[in-house]
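Please examine the sequence and the three-dimensional structure shown below. The paragraphs after it explain selected features step by step.

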Amino acid sequence: MLKSLNIENIAVIEKADIDFSSGFNALTGETGAGKSILVDSISAVLGERTSKELVRNGADSAYVCACFEDVNKEVNNKLDEFDIPRDDDTLIISRKISAQGKSSCKINGRSVTASMLRELGMLLVNIHGQHDSQALLNSDYHYSFLDMTGNGDDILERYKKSFRELVSIRKRLKALTADADSKDRELEILDYQIKEIESSQIKVGEIDSLQNRKKIIQNSQELISAINKVLLFVSGDDEVQGIQSLASTAQSEIKSFSDFDGDFKKINELLFSVNDISEQLKDIAEEKLSSVDFSENELEMIEERLNLLYNLCSKYGNDEGAVLNYLEEAKERKQLFDNSEEELEKLNLEYDGLFEKTVELANELSSYRKELAKKLEDDVKEQLIFLDMPKIEFVVNFEKGNLSSNGFDKIEFLISTNPGEPPKPLSKIASGGELSRIMLAIKNIIAKNDSVGTLIFDEIDTGVSGRASRKIGLKLKEVSNHTQVICVTHSAQIASLADTHLLISKKFENERTYTEVKSLNFEQRKQELARIMGGLEITETLLRSAEELLNN
């Protein structure tokens, strides 16, 4: 569960340290106080996309740190997968966002990528906002809601794997069965490319070698002069003795003293080494001098060769290795065309067999979903009765469509709000308040199969009031018995049921806006609930009503 949250310089929140309880946490405050910013902060520390606009005006960076306790097995497995040290009791994740929009993320003090943080965040928290209710209006998402109510990941993954293989073979078949003119054109191009690359006899490293040779030729006069100086230093000439001659003379004069003095012996040995090293130096210099020699047209030939290689690289790859890889791929494609008839027959047989298998898996997936649908209909009906919607009929409608990555089921949730009326799509009948309650019902059903330890509801009570709002609060309270619930709400009926009530308020100092978050005691909760229920003034009647809500 989420134990605490530390926020610095996020929008209007300069600094806030927030502690949450393990049960039902309610967050209230006036419109614009920063409740949504708090949810945005949690989203940011869970690895979701952010922008520099989140950073408080005038600050260099923003920072969010979340501390979790009693994390589940899946979280610990993910930490092991990321090779991050873990404490079985505590997990700390943080994110820093610069004013330029760059961010850095850490898990238990170790730097990670935002995508790694997002993978872990999905196992820690589920955030349900008003946009979730809007997702109910789009039937394209209904299959995913249904799938989340069960534990059928195995059948779904087996189907998806088979479908991916089917699509891959279909693409290959499509390429093979392209029109004859297109084939002929591609074969002609492939033949030309293969011939052009093969005739060049290109080799890996050739460009570097030619560029080095070109530099040697272009700097030949300076190179020859430098090598000659080395040879003069070693061998000397008619006017100057070289190091070889000088070392030999010194060695012959000092050799006679080597027998009776150790230092002279050492000098003699070193002089011998000088002779040996100078001989090696001479050999290398003479060999290099001979390599500087070149014909008059060699530079022109190198230029022509480099132009050819540069041209090939511009067409087929960044370097010689890439060009050769392209050559192999071109040969493989040509071979595919050459054997197209045989390959086509083979792929057709493979496609037929895989299509049959995929359809079989799609049927299995559809049957599994229909079992889930029956249970979902009953469970949603039960939830909606509690949420003061006893007359609503909820139906999961199935139609068969084309095979896709999610099977062939076209699934849509239908409702009937009046007895005797046929069920119709949610978008045509449901009000905002009804959508909120239907979404809450579905989310509660999904939560029973979910190991995520924290559920966040962002104004899911929108469009609901009175008795229905109280029922939503009771349902959230029920969920909090086995999963931590954090709810941003404008409803006194919901907030009164919370184990922990946090007030988000805004103040103005020195022409700057500040948001603060504080936990309320019983008397402070009375004042806040009265404010939510009341109008311009908080009366004794409102305070008594607020106290009654809390006592109940």
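What follows is a guided reading, from a sheet to individual side chains.

The model under discussion is a predicted one. A suitable starting point is the open sheet of 6 strands, whose order is β2-β1-β4-β5-β6-β7 and whose pairing is antiparallel. At its edges stand β2, covering residues 13-19, and β7, covering residues 110-112, each of which pairs on one side only. On average, neighbouring strands of this sheet are turned by 15° against each other, direction ignored. It is helpful to recall a general principle here: the strands of a sheet pair through backbone hydrogen bonds, in either a parallel or an antiparallel arrangement.

One pairing within the sheet may be followed in detail. Strand β1, residues 2-10, and strand β4, residues 61-69, pair in the antiparallel sense over 6 bridges. Along this pairing, Leu5 stands opposite Ala66 of β4. The sheet also has a helix lying across several of its strands. Helix α3, formed by residues 114-124, lies across β4, β5 (90-98), β6 (103-107) and β7. With respect to β5, helix α3 runs at about 135°.

Helix α3 leads to the subject of charged side chains. How many salt bridges does a search of the whole structure find? The search finds 21 salt bridges. In one of them, the side chains of Glu119 and Lys78 meet, with a distance of 3.0 Å from N to O. This pair links distant parts of the chain, for Glu119 belongs to helix α3 and Lys78 to helix α2 (residues 73-81), 41 residues apart. The surroundings of the two partners can be described by their accessibility. Glu119 has a relative accessible area of 34% and is therefore partly exposed. Lys78 has a relative accessible area of 15% and is therefore buried.

Another salt bridge is formed where the side chains of Lys214 and Glu303 meet, again described by its N to O distance, which is 3.0 Å. Lys214 lies in helix α8 (residues 206-218) and Glu303 in helix α12 (residues 298-316), so this pair ties together parts that are 89 residues apart in sequence. Glu303 is partly exposed, because its relative accessible area is 29%.

A further example joins a strand to a helix. Asp409 forms a salt bridge with Arg369, and their closest N and O atoms are 3.4 Å apart. Since Asp409 lies in strand β10 (residues 407-416) and Arg369 in helix α14 (residues 340-386), the pair ties together parts that are 40 residues apart in sequence. Are these two partners buried or exposed? Asp409 counts as buried at 13% relative accessibility, and Arg369 counts as buried at 0%. Salt bridges may also share partners: in this way Lys78, Glu81 and Glu119 are joined into one network.

Aromatic rings provide the next topic. The count comes to 4 aromatic pairs. Among them is the pair of Tyr316 and Tyr326, which is tilted, with 4.9 Å centre to centre and 35° between the planes. Here too, distant parts of the chain are linked: Tyr316 is in helix α12 and Tyr326 in helix α13 (residues 320-338), 10 residues apart. Tyr316 counts as buried, because its relative accessibility is 9%.

The pair of Tyr351 and Phe355 is stacked, with 6.1 Å centre to centre and 20° between the planes. Because these residues are 4 residues apart in helix α14, about one helical turn separates Tyr351 from Phe355. Tyr351 counts as buried at 17% relative accessibility, whereas Phe355, with a relative accessible area of 37%, is partly exposed.

The cysteines call for a short argument. How many disulfides does the count give? The count comes to 0 disulfides. A disulfide requires a pair of cysteine sulfur atoms within 2.5 Å. For Cys65, the closest cysteine sulfur is that of Cys67, at 7.3 Å, which is too far for a bond. Cys65 is buried, with a relative accessible area of 16%. Cys313 also counts as buried, at 11% relative accessibility.

The final stop is Ser436, which has its place in helix α16 (residues 432-447). The relative accessible area of Ser436 is 5%, so this residue is buried. Along the chain, Ser436 and Leu136 are 300 residues apart, while their C-alpha atoms are separated by 9.5 Å.

Note on methods. Residues are numbered from 1 along each chain as its sequence is written. This is a predicted model: local features need pLDDT of at least 70, side-chain atom pairs count only at pLDDT 80 or more; totals for chains, interfaces and linings use all residues. Side-chain values use heavy atoms; hydrogens and water are left out. Buried means under 20% relative accessible area, exposed over 50%, partly exposed in between (1.4 Å probe, protein chains only). Two strands pair if DSSP finds at least two bridges between them. Helices (H or I, at least four residues) and strands (E, at least two) are DSSP runs, numbered from the N terminus. Axes are lines fitted to C-alpha atoms, for helices over the stretch in contact, and angles run from 0 to 180 degrees between N-to-C directions. Contact means heavy atoms within 4.5 Å. A salt bridge is a side-chain nitrogen of Lys or Arg within 4 Å of a carboxyl oxygen of Asp or Glu. Rings of Phe, Tyr and Trp (its six-membered ring) pair if their centres lie within 6.5 Å; planes under 30 degrees apart count as stacked, over 60 as edge-to-face and the rest as tilted.
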